[in-house]
Amino acid sequence: MAERSFAREVQQLKVPAGTTFRGEGILAVTKALLEAGVGYVTGYQGSPISHLMDVLADAQPILNELGVYFEPAASEAAAAAALSASVNYPVRGAVTWKSTVGTNVASDALANLASGGVTGGALIIVGEDYGEGSSIMQERTHAFAMKSQMWLLDPKPHLPSIVKAVHDGFALSEATNTPVMLELRIRSCHLHGSFVTRENRRPQFTLKDALEHPRRDLSRIVLPPASFLHEKEKAEKRWPAAQRFIVEHGLNEIREGELDHLGIVMLGGMTNNTLRALRRLGQADLFGTSRVPLYILNVAYPLVDAEVVRFCTGKRAVLVIEEGQPDYHEQHLHSILRRHGLDTRLHGKDLLPMGGDYTVATITQALRRFLETHHPAAFATPVPVSMPAPRAAEVARLLPPRPPGLCVGCPERPIFSAMTLLERELGAHHVSADIGCHLFSIMPPFGIGATTMGYGLGASSASAFAAGAQLGASKKAIAIMGDGGFWHNGLTSGIANAVFNRHDNLFVIVDNNYSAATGGQDIPSSRADNANRSTKHPIEAAVRGVGVDWVRTITRTYDVTAMRSALHEALTTKSPGPKVVIAQSECMLNRQRREKPATAKAIGSGERVVKERFGVDAAVCSGDHACMRLSGCPSLTLAPSGDPLKPDPVARVDEHCVACGHCGEIADEAVLCPSFYKVHKVHNPTPFERWRAGLRARLLGWLHAREDQARDRRALYGPEAN
Amino acid sequence: MTGEPKHLCIAVMALGGQGGGVLVDWIVDLAEHAGWTAQATSVAGVAQRTGATIYYLELVEPTPGRVPVMALMPVPGDVDVLIAAELMEAGRAVERGLVTPDRTVLIASGHRTYAVQEKIVPGNGLADGAAVVDVLRSAARRLVIADMQSLAVTHGSVISASLFGALAGSGALPFERPAFEAVIERSGVGVTASLAAMREAADLAASRQRFEPAEPALQAEPRPLPAQASSPALQALVDRIRAEFPAPAWDWLGEGLARVVDWQDTAYGTEYLDRVAPFHRPDLGADGHGLTIEAARWIAVAMSYDDVIRVADLKTRASRRARILGEIGARADDVIGAEEYFHPRLAEVMGVLPRHWADRIGRSALLESWLSARLARGRRIASQTVRGHLQLRLVAGLRRWRRGNRRHAEEQAHLEAWLRFAQEVLHDGEAALAVEILRSRRLIKGYSDTHARGSGRFDHLMRAARGLRGRADAGAALASLREAALKDAEGRALADRLKALSLV
């Protein structure tokens, strides 16, 4: 039930060894997992790694054949905990999620896993959602690797390097009994490129072996005194082992260059953009040959002291390029240089910004200053770097901002229209939002939602406002969450908590058939059958099960009147305890992807199909746009009125309309104007319908002719002027 | 460094749902098929939900045995081809420095997809497309711009096909047209339609035609006043316009006359000209023509206010049926239907009742609340059935009694007070202020709450106009208040402006 089908990509997972695989970075990782003989894979979907989960979900037959177990986990914590299978058994496991948010959720399990250590290779693939295009708080995963002593790989954004990192990651994990994180930035995940495949491998040791011959080792369990020994082991055994492995297998790269008194230390992920910056300055060619020596850290953590010393010895100055804050690498390099008595000058955040994307332009600037200071001869003949002054000021004032918003026909829109109307009646309320499409409510036209504290935490982030009952407040708080967040943890952290603590707040749960925002993956309350999962577990049963008495399920969110009255009742009732409103309608984006081709096929095969869309009478529309302030639907747009007496643009429904009916409903509910109408056409009608339509058309034609005659008696312009 | 292989950097700016990814896949396929190395990446994130998305590609000619290292993001100054799937996104590319006059071929669709911020303004919040096109012309080495959206739709295809065609026709890539066509044929989906859209766009790009933004003017021009009225009944009124009013105002008077007569009857046309007449001031010379034109426009608007009678009439016309058939892609003999969304409230119903009836109901709280409850829901009328049509015609037929209904009395009183005020100001020699008083009528529009809010703002402006009397800048000040009142629904801009003019 995912947003898109991966049937084509799945076929690529089966190609024989030696084939050139073309595709996205994240698909290359998926293929590499199978080549590495992984025994089980789990994770939680989210940009930019959703496709890894979706491809594996579509690849179930191939996985069955190879003996690989796959499951979409309930949360990142659940996925991380699943890696415990690699603690006692030599089975390779991989998990994936969006980071740092997913790593935050998983970090309890990860910390325990890292403490006891692993026997089988444990690979944690994190989609580093940082910089342009990111949808979350700007943090780096690096800190998690450091605090728990897990190793962090950051390969070059190049498919063969990414694939190699998967193989290296498992080997490193096994050689050091330590879980390994593999970090892929957004652009690397979506990177189209190619690599040459190896043979897929069945896991050498299977989970069947594990179940039938269970093992335990007291020294791997995180309880004193073992936990104290784990800490010692990390420092004394695993860390040196990792450094040895990195050096012996050449995971990092040192590239010599003619300007050998200088050097650049950078994360693997920064390589391409840094080389481009060097090329712009005339210091590198298109094939990555650089005049400045490079030390490329495909392993971001741990640093290898010996390699650092080798690279820096004899150098006057080194520039370290690491995105984000704080400057972990810079600090670490300083300490290594000082410890080994090297006086190489170290630059980093003094030339580069502390935060934000390191674009090619940013790196170019830093490199220019670095070279100007330490090797002015580099620019003896001036290097023209075309750096146009962006015409930002001139153009910016002409351009309207375009934040993401709810899709055409989105079932969440009417919920916020109802809330907007309710605010007009009952005044503004404190609204805690969650993660998911519903968060677009914070943008115009709705402007609803004050905070977002994490996935599934919408309900619990309204907890403090339960003080209202104690303090005699006249209003309740409203908390919103989606079905994805609800099953991720919201049921317990939010709803059960609200029951237990006798919250009087209103909890709106948006139930759009599956986890829509992450790409339409199934969850327990999905309403479709899934051959591999158990679905159709209603949210209402779950909330009643944890003790909520007041529940209203609205089975069609587009019914703004019903939506508004349920919310109104919830906010005004004297009934004690949490009030839960479950708003159900299927995600329109996914529904259309399924239904559009099906409808076209049905029409083609002669089935009777009714197609609908909405329209606006330009002559009736007032041009006030009140409907847009309650809707924001992309297909509800503007057009010139065509009437010289009406200077403002009028509403128009464009061809993308899916006839969800929302604009008509709000025109009704908010008593806006009578310009909306729904029109339908019956494809392949029955003979009776055809006969009746013919009769109607004739009668209406006769009436129209009569009426037009009367109107013509008052007409100034001839028909041709109209 | 010299002797480097041919290397092209391409950025694509698209909106979520426009198929930017498909276009990128096609370009990759085009290059790889020719043996080139292609790298593509994007930052989609949440932008798939209608926000702006940026894709980036690098293509390098065959370099046997050597692997080029390519960047992951477009670099200002280093973009060879920029493809923008919407006009403002093309502007955004310029803003980001991704279009430079020495290097970039800019391929843009000139159509607009309005942003929410533009749509929610109560007046006209649309961005200035022509100004953006001007910027684009000087920003790029070469600009290929056309309405790629409409072009694609005409062929039953999508914008990625027409943009791909424009890329082919622009000559910006070292591949021949058949190679582009082969890509579409290989894609296997909607090939015929996509090829047709692609070819037309390619021809257009190759022809280097100058593109004017297709955005139709928001303010429609008045039609020329006909010498002969279509209906002989109106000829006397047309003759009167020509005889009594200055020529620059004729076309506007024609539009106004046509509107009010269509709205009510011929006699109403005479009333209309009588009302405009005092705003023709020959003593002001040519300066007074603006005053006459504004009076002609806004008196017509005020006299043909929106009521259920008018709505029912507009929704039952033959021309309207033809229009909805077109919208759903139906022929005259197809089986279609339409549901009209009506929600008349007590005020609207009382409005069409004869004054004394309405007043009587208004005196009985019990009757009023009973009626209110009956009306507290929306009504759906199937206008394309005989029954629905007749229901609506019944309402439209109330036109005959309109002059005696309550709403009409209220509107007349309001109209007269407004015109009296404008005359008074004019009489005192403040013609500029009088013009703006007339133009303020633009604020009153719509039905129910919208109408109430507009009327409230209008009243505000009239009070402000009184405060402004005698000030040299009174006209300009009132105009600025009107613009402010149309900026937002909450009235923040208006409040700020009133404060700035020390009128509160």
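**Group meeting: a predicted two-chain model**

In chain B, the centre of domain 1 and the centre of domain 2 are 47 Å apart, taken over C-alpha atoms. Before going on, I should say that this is a predicted model. The domain assignment puts domain 1 of chain B at 7–207 and domain 2 at 407–504.

Chain A is assigned domain 1 (15–248), domain 2 (254–397), domain 3 (413–590) and domain 4 (608–684). Take domains 1 and 3 of chain A: their centres, again over C-alpha atoms, are separated by 34 Å. How many residues of domain 1 of chain A are in contact with domain 3 of chain A? There are 13 on the domain 1 side, and they meet 9 residues of domain 3.

Now some overall values for chain A. Its secondary structure comes to 26 helices and 24 strands. Along the principal axes, the C-alpha atoms of chain A occupy a box of roughly 100 × 70 × 60 Å. The chain has 722 residues, and 60% of them are buried. If we take the contacts in chain A with a separation of 6 or more, 78% come from residues 24 or more positions apart. The exposed surface of chain A is about 27800 Å², and carbon and sulfur atoms supply 55% of that area.

Next, the sheet that has strands from both chains. It is an open sheet of 4 strands, in the order S21(A)-S24(A)-S7(B)-S8(B), with antiparallel pairing. Which strands stand at the edges? They are S21 (609–616) of chain A and S8 (379–382) of chain B; each has a single partner strand, so one side of each has no neighbour in the sheet. From one strand to the next, the twist averages 25°.

The pairing across the two chains is between S24 of chain A, residues 676–683, and S7(B); these strands are antiparallel and share 6 bridges. One example is Lys678(A), whose bridge partner in S7(B) is Glu339(B). On to the next pair: S7 of chain B, residues 335–342, is joined to S8(B) by 4 bridges, also antiparallel. Two of the residue pairs can be picked out on the structure. Glu340(B) is bridged to Ile381(B) in S8(B), and Tyr341(B) has Arg380(B) as its bridge partner in that strand. As for burial, 7 of the 8 residues of S7(B) are buried, so the strand is largely enclosed by the rest of the structure. As a general reminder, side chains in a regular strand alternate between the two faces of the sheet.

Back to chain A, and helix H13, residues 271–280. Here 9 of the 10 residues are buried, so H13(A) is largely enclosed by the rest of the structure. The buried residues are Thr271(A), Asn272(A), Asn273(A), Thr274(A), Leu275(A), Arg276(A), Ala277(A), Leu278(A) and Arg280(A). Just after H13(A) comes Gly282(A), with a positive phi of about 75°.

I will finish with two loop residues in chain A. The first topic is Asn298(A), in the loop between strand S11 (294–297) and strand S12 (299–301). Is Asn298(A) buried or exposed? Its relative accessibility is 12%, and the cut-off for buried is under 20%, so Asn298(A) counts as buried. A polar atom of the Asn298(A) side chain lies 2.9 Å from the backbone oxygen of Leu251(A). Glu253(A) is 45 residues away along the chain, yet its C-alpha atom is 7.6 Å from that of Asn298(A). Not counting residues up to four places away in sequence, Asn298(A) touches Leu152(A), Leu153(A), Asp154(A), Pro155(A), Lys156(A), Leu251(A), Asn252(A), Glu253(A) and Gly268(A).

The other residue is Thr535(A), in the loop between strand S18 (506–511) and helix H21 (539–545) of chain A. Thr535(A) is buried, at 12% relative accessible area. Which backbone oxygen does the side chain of Thr535(A) reach? That of Ala528(A), at 2.7 Å. Leaving aside neighbours within four places in sequence, the contacts of Thr535(A) are Asp522(A), Ile523(A), Pro524(A), Ser526(A), Ala528(A), Asp529(A) and Asn530(A).

To recap: the sheet order runs S21(A)-S24(A)-S7(B)-S8(B), and the pairing of S24(A) with S7(B) has 6 bridges.

Technical notes:
Residues are numbered from 1 along each chain as its sequence is written. Chains are lettered from A and ligands numbered from 1 in the order in which they are written. This is a predicted model: local features need pLDDT of at least 70, side-chain atom pairs count only at pLDDT 80 or more; totals for chains, interfaces and linings use all residues. Side-chain values use heavy atoms; hydrogens and water are left out. Two strands pair if DSSP finds at least two bridges between them. Axes are lines fitted to C-alpha atoms, for helices over the stretch in contact, and angles run from 0 to 180 degrees between N-to-C directions. Buried means under 20% relative accessible area, exposed over 50%, partly exposed in between (1.4 Å probe, protein chains only). A polar contact is a pair of N or O atoms within 3.5 Å; within protein, one must be able to donate a hydrogen and the other to accept it, and residues adjacent in sequence count only if both atoms are side-chain atoms. Contact means heavy atoms within 4.5 Å. Accessible areas come from the Shrake-Rupley method with a 1.4 Å probe; for residues, only the protein chains shown count as cover. Domain bounds come from an automatic or database domain assignment.
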